[in-house]
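Welcome! Here is a short briefing to help you find your way around this structure. Take a look at it below, then follow the notes topic by topic.

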Amino acid sequence: MSASKRKDELINALLELAYEIGPDRLTTSDIAARIGVTQGTVFRHFKNKDELWVAAIRKVTDGLKSAWAENLLLSKEVDAKQRVARLVHCQLELIQNTPALPLILFSRELNTENEELRTIIRETLFVFDSHLSTLIEEALIGRDQSGITVPDVAKYLTSLIQGQAVRWGLSDKSFDLVASGNQLSLKLIDILIS
């Protein structure tokens, strides 16, 4: 197996196991056992567990940024209100496809002990907030904004995403996160951006 394929396999195992047993309990031995290799194989590709976590979060955030860029390219085809909804959809879809993500984001151990991981997460969230705020601002042009501000709308939508993700995780993924989240976000967007 090529080095890049093996790295992807290790990253995917890490993300699966982070959801199954929790990121703070996960060991490199667990990852190696998942794909049927020795622990030494893990360290041939990543110098330590922190580097593996960084590679995993980069894979996730690169996917996010790609989805966001696609959404932003739709600017001429779709109005800003619809692009706000699509951006929320991107987040929900990523969480549904990577259920370990909320656990990673809220892992005290990972976020206090791995500065590079924390920086990547913080920067990615800043980019998301920036895209969301820009689209909300555009969607509010020409509308009555007396009762609501762009930061308020952004916080409501971000809270909806986080709340749905937590509810979904606690229910052991018993409902379709994307469908449920989209339904709620469309209602909220219609109320806030009217």
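Beyond its neighbours within four places in sequence, Q91 is in contact with L64, W68, F128 and I161. Please keep in mind that this is a predicted model. Q91 makes a handy starting point, as it lies in helix α5, and the notes below move from there to two other helices.

**Q91 in its surroundings**
- Is Q91 buried or exposed? With a relative accessibility of 10%, Q91 counts as buried, because the cut-off for buried is under 20%.
- One of the contacts of Q91 is I161, and both residues appear where α5 meets α9.

**How α5 and α9 pack**
- On the α5 side, V84, V88, Q91, L92, I95 and Q96 take part, and they meet L157, I161, A165 and W168 in α9.
- The two helices, α5 and α9, pack at an angle of about 25°, and their axes are 11 Å apart.
- Angles under 35 degrees count as roughly parallel, so α5 and α9 are roughly parallel to each other.
- The crossing of α5 and α9 is right-handed.

**Helix α10**
- Helix α10 covers residues 177–192, 16 residues in total, and spans 22 Å from its first C-alpha to its last, close to the expected 22 Å.
- At the N-terminal end of α10, D176 acts as a cap, with a side-chain oxygen 3.0 Å from the backbone nitrogen of V178.
- Which residues of α10 are buried? They are L177, V178, S180, G181, N182, S185, I189 and L192.
- The cover over these buried residues includes α5 (80–97), α8 (115–140) and α9 (150–170).

Methods:
Residues numbered from 1 in each chain as written. Predicted model: local features only at pLDDT ≥ 70, side-chain atom pairs only at ≥ 80, totals over all residues. Heavy atoms only, no water. Helix = DSSP H or I, 4+ residues; strand = E, 2+ residues; numbered from the N terminus. Expected span 1.5 Å × (residues − 1). Buried < 20%, exposed > 50% of the residue type's maximum accessible area, 1.4 Å probe, protein only. Contact = heavy atoms within 4.5 Å. Polar contact = N/O pair within 3.5 Å; in protein donor to acceptor, adjacent residues only side chain to side chain. Axes fitted to C-alpha atoms, helices over the stretch in contact; angles between N-to-C directions. Parallel < 35°, antiparallel > 145°, perpendicular 65-115°, else oblique. Left-handed = near helix turned anticlockwise from the far one by under 90°.
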